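Student: I would like to go through this model and check each label against its criterion. Where do we start?

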Amino acid sequence: MPKDSGIGASSKRREDIRFLTGRGVYTDDITLHGELHAVMVRSTVANGKIVSVGTARAETMPGVQAVFTGADFAAVGGNPAGWLINSRDGTPMREPKRPVLAHGKVRHVGDAYAAVVANTYEQARDAAQAISDDTVIEELPAIVNMAAAVANPANRVHDEIPDNVCYDWGWIEDNRAKVDAAIKSAPHVTTLELVNNRLVPNAMEPRASIGEYFPGTGDYKLTTTSQNPHLTRLLVAAFVLGIPENKLTVVAPDVGGGFGSKIYHYGEEALVLAAAKKLHRPVRWTAERSESFLSDAHGRDHETKIELASDLEGNFIAIRTTTLANVGAYLSNFSTVTPTFLHGTLMAGPYKVPNVYVNVKTVFTNTAPVDAYRGAGRPEATYSIERVVDKMCRELNLDPFEVRRKNFLTTDMFPYTTPVGLVYDTGNYQATLEKAVQLADVAGFEKRAAASRAKGRLRGMGLSTWIEACGIAPSHLVGILGARVGLYDAATVRVNATGNLSVMVGAHSHGQGHETVFAQIVSSKLGVPESSVEIVHGDTSKIPFGMGSYGSRSLAVCGVAMDKALDKIIAKGKKIAAHMLEAAEGDITFADGKFSVAGTDKAKTFGEIAFSAYVPHNYPLETLEPGLEETAFYDPANFTYPAGAYICEVEVDPDTGRVEVASFTCADDFGNVMNPMIVEGQVHGGVGQGIGQALLENAHYDENGQLLTGSYMDYAMPRADDVPFYTVDHSCSTPCTHNPLGVKGCGEAGAIGSPPAVVNAVIDALHRAGHKIDHIDMPVSPSRVWSAMNA
Amino acid sequence: MKLTDSREIKADPATVWRAILDPDVLKECIPGCESLTGSIAEGFEAAVVQKVGPVKARFTGVVHLTDIDEGRSVKISGEGKGGAAGFAKGGAVVTLEPIPEGTRLTYDVDASVGGKIAQLGSRIIDGFAKKMADDFFARFQQAVEGPEADEVAATDETDEKKKGWFKRLIGG
């Protein structure tokens with residue numbers, strides 16, 4: 001019987017009532033008395049020397065209150081990179097300053113070099129256009145292609161960085177010689193060169209920010225589209241503007257999706273705060289969709305060569321990769337860790353592969369910054385591995401299912417230290433594979449293929465067995481690896497006098513459903529109804545210092561912090577109950593919302609204990625503080641390692657090259673599942689984005705650095721008829737061994753595991769029809785498939 | 001984007017060359033040209049209204065004639081700002097060679113756009129640039145030669161009128 005509330009129940013998402021009825025309150029929905037409107041002036045060239053910024057005419061235009069240029073922010077700090085990566089030779093990465101507004105040079109189309117603040121949006125926009133018209137920018141040759149950027153030291157994105165390389169990273173450098181030798185002597189080596197296509201995040205709600213300044217107190221407030229308000233406060237206050245943290249409140253109200261793009265601090269946030277301070281009026285800014293395309297941090301954009309060495313039976317011996325990773329024009333906050341520690345450390349997959357070496361050169365180009373996007377490094381790793389394994393199977397005429405079975409780590413091998421530095425705590429890759437094989441009816445494939453043939457379609461089946469590391473992250477470990485922040489999280493559980501609860505969490509929900517799931521956990525743990533629990537998030541003046549939501553960490557880190565705070569509540573409740581029931585504390589048990597004296601029928605309800613804590617008339621005041629409120633910080637001991645098996649079937653139309661996803665089966669191990677419906681929804685969304693990457697989406701810059709896919713006319717987002725009805729299972733669960741909830745992350749899994757399953761299926765369909773095509777780069781569009789078939 | 005094409009013009013190279021260097025011809029032949037002022041030596045200021053897919057804009061900018069090889073080739077290049085629409089720039093190297101029918105005019109066009117036109121109109125920009133070039137040289141041919149023979153046949157015009165307006169002007 002499915003549960004109807006608490007842990008394990010598919011409780012309906014309480015936040016959906018407001019989201020689905022148009023009653024959400026997003027940043028742009030907030031209107032303030034006396035507010036002004038900011039419009040950014042953005043470069044239309046990819047690389048250019050700013051000769052003069054023409055502000056004079058704009059300053060006299062109707063309604064204009066202030067004009068800002070790069071010069072106004074030259075003296076304040078830059079937006080920092082959150083992670084220091086060292087090159088193979090030990091030298092630290094190159095870190096060019098990322099200013100609030102471009103100064104001296106513009107470095108990508110969309111790079112803001114001025115801003116106008118005016119009474120109305122229209123006035124600000126007109127004045128911004130005037131500045132654009134009156135500004136002289138000398139266009140320089142654009143650096144777009146990564147290989148050319150590295151090879152041509154004269155053309156520079158940043159004048160002080162001669163080869164446009166941020167760092168040349170090797171992981172693990174000590175493995176290098178051993179891996180080279182293993183590949184040299186291996187009976188078989190499969191080589192594949194592939195592109196992990198650049199993506200635009202496309203959150204439904206564009207970025208928006210409102211800055212306020214209160215001259216009476218000197219306080220600032222920033223309302224903004226953020227996945228991590230405390231981190232944004234730290235960055236904008238301490239690093240960029242030099243505002244004391246205690247004088248700035250950051251609020252991220254309802255946020256309509258982020259997928260990574262709203263982790264980062266952006267210049268517009270600093271701009272609205274500085275403008276509000278100068279003008280003593282609230283200043284608001286909301287991105288147009290066109291601006292989102294040009295200025296949100298993009299995702300992926302790797303060019304990789306991967307080599308897989310094996311024996312002739314398909315036992316893996318070594319993996320070696322060389323990758324160029326595009327970081328764009330500036331270092332966004334997590335841009336340096338995404339292609340390195342979130343990518344290279346996953347390059348062993350779920351396999352016994354003794355030798356792995358990863359080399360990543362991260363390259364500056366005249367394109368928008370690139371940073372973590374749903375999956376962040378792990379989709380790139382998974383795609384490389386699962387594509388090369390697929391190619392190896394074909395070269396050696398081996399069954400891809402058997403090759404996985406043969407190479408999987410087995411359940412007796414955990415905890416398992418990989419050759420790329422991670423310790424997998426638990427898993428059962430065989431179980432998820434067999435479950436997927438069964439759910440996808442692999443045995444019945446030939447029959448379905450015949451049916452497809454009968455209607456003139458080529459059917460193929462693709463497999464991907466993925467693993468990822470999420471729930472980021474152990475602070476001690478990431479500190480050693482170069483992180484400039486800790487990655488714990490925090491929760492405060494406040495039991496109100498009437499027994500209901502306000503729970504303040506550091507995680508931020510921007511579509512995930514935390515308000516529902518976290519309440520389910522409280523409900524189960526304290527025996528109170530879900531409806532008596534309120535989850536408060538997104539306001540630095542209310543919540544403890546947590547690090548926000550990304551890297552599938554909300555439940556595995558913040559949820560566990562909340563669980564630990566609940567333990568403290570129960571422990572204190574027992575002390576209060578012992579006093580009230582005149583029993584020894586050690587004799588008090590807590591279950592089903594009642595504190596009882598063991599072996600008796602003497603009990604106090606949770607509500608009675610709560611009331612007593614706030615009206616302490618009969619209370620051990622001499623030994624115990626009144627009140628019932630506890631905070632816990634939790635820093636995980638390890639990452640969590642969700643894993644699974646995805647099987648995709650496609651039909652290819654040989655006349656047009658169009659690929660249709662016929663079925664998609666997911667068997668995932670997410671550890672203990674708190675709300676199966678929400679987990680399934682997360683998998684649907686992730687796989688949908690993965691299918692989008694595999695078949696449709698591509699951010700394309702031309703040779704001049706112009707973004708040619710800058711609107712939904714040219715950037716192909718997946719639509720309902722591009723995705724199938726999914727089969728999703730998470731019954732093969734191995735609970736995480738190092739957190740008390742036994743949970744792993746599920747938010748990114750679908751986007752990590754699905755692209756190679758889709759592409760493997762397309763290649764399989766083509767081979768079955770006699771087309772010896774080894775690889776087609778994503779997006780596997782009709783024109784690419786048709787061209788490959790007709791080459 | 002780049003494109004190359006050629007046209008056969010029924011006029012001798014000297015006549016064609018004079019037409020290319022004539023600002024009035026340039027103005028007449030640039031599609032959507034509202035104004036063109038200036039000189040070959042100093043360059044021309046031009047205003048052109050064009051619609052690229054969803055973006056319609058008035059481009060203002062400069063047109064230069066450079067790399068002049070008297071009677072044989074010239075590079076016509078222009079760069080215009082279209083306000084919110086972004087910018088367009090490009091050039092055409094025009095080469096003339098005598099043929100029995102008159103002159104073969106060959107053009108190599110290299111054009112690029114930036115800003116909103118690139119962002120919104122990229123799917124159609126190649127076709128647009130080709131059409132711009134085709135229109136320009138079709139108008140140029142017409143200016144030099146006069147209307148197409150079948151168009152002329154449908155009207156009752158004098159010999160004088162059959163000549164292109166440029167030929168009439170120079171009395172050729």
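Tutor: With a term: a helix here is a DSSP run of H or I of at least four residues, a strand is a run of E of at least two, and both are numbered from the N terminus. The model is predicted. By that definition A:Glu582 falls in the loop between α15 (554-580) and β22 (588-591) of chain A.

Student: Why is A:Glu582 called exposed?

Tutor: The label exposed applies at 12 or fewer other C-beta atoms within 10 Å. A:Glu582 has 8, so it is exposed.

Student: What is the phi of A:Glu582?

Tutor: Phi is near 55°, a positive value, and the residue is not a glycine.

Student: Why is A:Asp441 called partly exposed?

Tutor: Buried needs 20 or more neighbours and exposed needs 12 or fewer, with partly exposed in between. A:Asp441 has 15 C-beta neighbours inside 10 Å, and therefore counts as partly exposed. It is not a glycine either, yet its phi is positive, about 50°. A:Asp441 sits in the loop between α11 (429-439) and α12 (445-454) of chain A.

Student: How do you know that the size of chain A agrees with a compact globule?

Tutor: The rule is 2.2 Å times the number of residues to the power 0.38. For 791 residues this gives a radius of gyration near 28 Å; chain A has 27 Å, so the two agree. The C-alpha trace spans about 85 × 70 × 55 Å along its principal axes. Of the 791 residues, 56% are buried.

Student: What makes β2 and β6 of chain A a pair?

Tutor: Two strands pair if DSSP finds at least two bridges between them. Strand β2 (residues 48-52) has four bridges to β6, and the two run antiparallel, so the criterion is met. Within this pairing A:Ile50 stands opposite A:Ile137 of β6.

Student: In which sheet do they lie, and which strands stand at its edges?

Tutor: The sheet is open, has three strands in the order β4-β2-β6 of chain A, and pairs antiparallel. β4 (105-106) and β6 (136-139) each have a single partner strand, so one side of each has no neighbour in the sheet, and these two are the edges.

Student: Which peptide bonds are cis?

Tutor: Among them is the bond joining A:Trp171 and A:Ile172, with omega about -5°. A:Ile172 belongs to the loop between β7 (165-171) and α5 (176-185). The bond from A:Met778 to A:Pro779 is also cis, with omega near -5°. A:Pro779 is placed in the loop between α18 (749-768) and α19 (782-789).

Technical notes. Residues numbered from 1 in each chain as written. Chains lettered and ligands numbered in written order. Predicted model: local features only at pLDDT ≥ 70, side-chain atom pairs only at ≥ 80, totals over all residues.
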